[in-house]
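Welcome, and thank you for opening the viewer. Please load the model below and keep the selection tool at hand; the tour goes stop by stop.

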Amino acid sequence: MSVTTYYLEMSDRTQLNAKPCPAGLSVVEAEEKEFRFNRYLYQLVGEPWQWNDKLKESDETWQDYAERDALRTWVAYYRGTIAGYFELEKEANGDVQIAYFGLAPRFIGRGFGGHLLSRALREAWDWAPCKRVWVHTCTLDHEGALANYQARGMTIYRTEVEI
């Protein structure tokens with residue numbers, strides 16, 4: 001089975017086609033960095049999509065990744081329960097990558113993904129200086145992922161097929 005990876009970008013914040021926040025949903029930055037929380041979010045959101053490569057990493061590796069200044073984490077809550085999250089990673093060249101993004105399984109299909117991605121893109125552009133926001137997704141992710149990125153204003157700039 002082949003896997004196609006899509007690399008998408010937004011080069012100007014005016015390209016953002018934001019989706020409003022659904023009632024009951026809130027998005028909060030995890031300002032106090034705690035690598036165990038990032039690992040939990042990665043597992044919660046990624047489990048249905050076989051995000052398991054990083055779960056084998058040591059506490060030290062997770063801490064080095066999640067608690068550095070170049071990474072910021074936001075969590076979506078619906079009525080007090082974690083509905084999803086995103087991580088933004090600032091690169092030395094001024095680009096911001098949406099490193100991880102997704103919804104917890106029980107919240108898929110409720111219309112939260114469009115707003116959460118809108119918020120991720122806004123936060124990336126607000127993390128000055130930001131020259132470009134980019135992300136990658138693949139055919140192993142949720143079937144609506146690519147469409148959500150494109151609907152918010154991101155465009156594909158590279159595609160790779162792995163056979």
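**Stop 1: a strand and its neighbours**

Begin by selecting Ala76 and Gly84: Gly84 lies in β4 and is the bridge partner of Ala76. Before going further, keep in mind that this is a predicted model.

Now show β3 (71-78) and β4 (residues 81-90) together. These two strands pair in the antiparallel sense, over eight bridges. They form a hairpin with two residues between them. Click on Arg79 in that turn, and you will find a positive phi of about 50°.

Return to Gly84 and look the other way: Leu103 in β5 stands opposite Gly84. Here β4 and β5 run antiparallel, joined by seven bridges. Four residues sit between β4 and β5 in this second hairpin, and Gly94 in the turn has a positive phi of about 95°.

How many of the ten residues of β4 are buried? Nine of them are, so β4 is largely enclosed by the rest of the structure.

**Stop 2: charged pairs**

Next, colour the charged side chains. Side chains of opposite charge can pair when their charged atoms come close. The model has nine salt bridges, and three are worth a visit here.

Select Glu34 and Arg36 to see a salt bridge whose closest N and O atoms are 2.8 Å apart. Both ends are partly exposed: Glu34 has a relative accessible area of 30%, and Arg36 has one of 46%.

Then move to Arg68 and Glu89, another salt bridge, with the closest N and O atoms 2.9 Å apart. This pair links distant parts of the chain, 21 residues apart: Arg68 is in the loop between α2 (59-66) and β3, and Glu89 is in strand β4. Arg68 is partly exposed, with a relative accessible area of 24%.

Finally, select Arg132 and Asp95, whose side chains meet in a salt bridge of 3.0 Å, N to O. Here too the pair links distant parts of the chain: Arg132 is in strand β6 (residues 132-138) and Asp95 in strand β5 (residues 95-103), 37 residues apart. Are Arg132 and Asp95 buried or exposed? Both are buried. Add Glu9 to your selection: salt bridges that share partners join Glu9, Asp95 and Arg132 into one network.

**Stop 3: an enclosed space**

Rolling a probe the size of a water molecule over the atoms shows where empty space is left. The structure holds one cavity of 30 Å³ or more, and the largest cavity has a volume of about 60 Å³.

To find it, select the lining: Ala30, Glu32, Lys33, Glu34, Phe37, Asn38, Ala66, Leu71 and Thr73. You have met Glu34 already, in the salt bridge with Arg36. Both α1 (35-46) and β3 supply at least two residues of this lining. Coloured by type, the lining residues divide into four nonpolar, two polar and three charged.

**Stop 4: the largest pocket**

For the last stop, turn to the largest pocket, with a volume of about 860 Å³. Which of its 36 lining residues are the closest to its centre? Select Trp51, Phe101, Thr137, Asp141 and Tyr149.

Now widen the view to α1, β5, α3 (113-126), β6 and α4 (145-151), each of which supplies at least two residues of the pocket lining. Strand β5 gives the most, with seven residues. By type, the lining of the largest pocket divides into 17 nonpolar, 13 polar and six charged residues.

Note on methods
Residues are numbered from 1 along each chain as its sequence is written. This is a predicted model: local features need pLDDT of at least 70, side-chain atom pairs count only at pLDDT 80 or more; totals for chains, interfaces and linings use all residues. Side-chain values use heavy atoms; hydrogens and water are left out. A salt bridge is a side-chain nitrogen of Lys or Arg within 4 Å of a carboxyl oxygen of Asp or Glu. Buried means under 20% relative accessible area, exposed over 50%, partly exposed in between (1.4 Å probe, protein chains only). On a 1 Å grid over the protein atoms alone, a cavity is a set of points where a 1.4 Å probe fits but cannot get out, and a pocket is an open set with protein on both sides within 12 Å along at least five of seven lines; lining residues have an atom within 4 Å of a point. Grid points are joined across faces, edges and corners, and a volume is the space filled by probe spheres set on the points. Ala, Val, Leu, Ile, Met, Phe, Trp, Tyr, Cys and Pro count as nonpolar, Asp, Glu, Lys and Arg as charged, and the others, Gly among them, as polar. Two strands pair if DSSP finds at least two bridges between them.
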